[in-house]
Amino acid sequence: MISNHKIQAALDEIKEISKIDLALYTDKGKQVAATFETEGDMEYAVNSFAGSMAESQMLSGCHFFKVYVDGELEYVLLTKSSAEDAYMVGKLAVCQIRTLVSAYMEQFDRNNFMQNILLGNMLVVDMYNKAQKLHIEQAERVVFVIELEGKKDGTAIELVKNLFAAKTRDFVTEVDEQSIVLIKDTREMGEDEDLASLASMIVDNMHAEAMVRVRVGYGNRVNNLQDIAKSYQEAKMALEVGKIFYAEKETIAYRYLGIGRLIYQLPMSLCEMFIHEVFGDEIPDVFNEETTTTIQKFFENNLNISETARQLYVHRNTLVYRLERLEKVIGLDIRKFDDAMTFKIAMMVISHMQYVKNSDNALN
């Protein structure tokens with residue numbers, strides 16, 4: 001429901017223009033907002049008027065008006081004057097408040113509707129009936145999940161809302177304490193590069209404006225309302241897989257997870273079996289900083305010894321010696337394509353196993 005602060009601001013603006021004081025009450029007589037100090041207890045008078053058949057009336061020098069929203073009595077408005085202008089101002093104020101409250105109620109309903117879709121809490125038939133009432137059309141959409149580092153506050157979600165305020169077909173909502181969800185209409189975004197650019201823009205703005213670091217994951221494009229939940233689950237998986245295998249990336253797309261997605265979905269028993277086949281009973285502990293840097297550069301340069309040696313500022317023979325020493329320990333010659341692939345996959349599987357183990361320990 002609309003905040004009392006918003007209603008107070010609206011009444012203040014109306015008074016500033018009309019020079020007539022106003023007060024707004026609930027249909028039970030509780031004051032919501034006012035531009036003047038009311039005299040005595042108005043609860044009885046408001047209750048009596050709310051229960052009457054009259055749409056408006058004069059009482060104790062004030063005009064009383066009923067404010068209906070969607071056919072239901074929500075508020076009682078007072079204008080503190082018996083002048084003819086006060087009646088006209090009161091009627092205009094009723095229209096203004098009704099429009100304001102209706103807009104906020106619709107926005108709340110639209111937000112609540114999208115939350116239920118994301119969480120899979122609606123039947124398909126109910127979904128489309130409700131969408132029609134809320135004027136939400138079928139469109140191509142992508143779900144972005146913005147995961148914040150640290151505790152989420154109101155500043156972060158307001159910033160995201162402001163970034164997409166001009167786009168009435170986009171939705172920004174929350175379903176948990178750690179992330180913000182953007183449901184983006186992508187009909188005007190032709191290429192996948194546009195989605196990547198949008199994700200990067202969100203990261204940059206959150207860091208610059210809200211001073212908070214975030215990671216953004218996004219799912220595939222969907223065309224039906226019921227598939228929005230699927231894109232949401234894909235975006236969440238992109239973040240989870242990204243934490244394990246692509247920790248250096250601040251944005252990650254579900255469709256580009258590659259082999260990381262396959263490994264993430266493997267049961268632990270298969271992971272353990274594969275690692276045992278590659279390394280035997282014990283995982284070799286040889287990954288100091290020098291070895292890790294050497295392997296990383298070697299893979300980045302597509303197993304090119306000369307280029308890797310140049311970038312590491314070492315002699316070619318020194319690099320060959322390091323790789324041969326690594327082969328003796330792990331039993332794999334990563335200068336060969338097959339062994340290099342086996343080793344890289346093994347490292348990803350180990351990362352996945354460690355992540356699962358740490359997650360289980362955190363839960364316990």
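Three worked exercises on this predicted model follow.

Residues are numbered from 1 along each chain as its sequence is written. Local features need pLDDT of at least 70, side-chain atom pairs count only at pLDDT 80 or more, and totals for chains, interfaces and linings use all residues, while side-chain values use heavy atoms, with hydrogens and water left out.

**Exercise 1. Overall form**

State whether the protein is spread out or a compact globule.

Solution.
- Start with the inventory: the protein has 13 helices and ten strands. Helices (H or I, at least four residues) and strands (E, at least two) are DSSP runs, numbered from the N terminus.
- Take the radius of gyration over C-alpha atoms; the globule rule is 2.2 Å times the number of residues to the power 0.38.
- The rule gives 21 Å for 364 residues, but the protein has 31 Å, so it is more spread out than a compact globule.
- Check the box: along the principal axes, the C-alpha atoms fill roughly 100 × 45 × 45 Å.

**Exercise 2. The five-stranded sheet**

Give the strand order, find the edges and place the helices that pack on the sheet.

Solution.
- The order is β7-β8-β6-β9-β10, in an open sheet with mixed pairing. Two strands pair if DSSP finds at least two bridges between them.
- β7 (171–173) and β10 (251–253) each have a single partner strand, so they are the edges.
- Look at one pair: β9 (residues 214–218) and β10 run parallel, joined by three bridges. Here Y218 faces A253 in β10.
- Helix α6 (residues 192–209) packs on the sheet and touches β6, β8, β9 and β10. Its direction makes about 160 degrees with that of β9.
- Helix α7 (residues 228–245) touches β6, β8, β9 and β10 too, at about 40 degrees to β6.
- Contact means heavy atoms within 4.5 Å. Axes are lines fitted to C-alpha atoms, for helices over the stretch in contact, and angles run from 0 to 180 degrees between N-to-C directions.

**Exercise 3. Aromatic pairs**

Classify the pairs F65–Y87 and F299–F343, and state the burial of each ring residue.

Solution.
- Rings of Phe, Tyr and Trp (its six-membered ring) pair if their centres lie within 6.5 Å; planes under 30 degrees apart count as stacked, over 60 as edge-to-face and the rest as tilted.
- The whole structure holds five such pairs.
- F65 and Y87 lie 5.6 Å centre to centre, with 45 degrees between the planes: tilted.
- F299 and F343 have centres 6.4 Å apart and planes at 45 degrees, so this pair is tilted.
- Buried means under 20% relative accessible area, exposed over 50%, partly exposed in between (1.4 Å probe, protein chains only).
- F65 is buried at 1%, whereas Y87 is partly exposed at 36%.
- F299 is buried at 18%, and F343 is buried at 1%.
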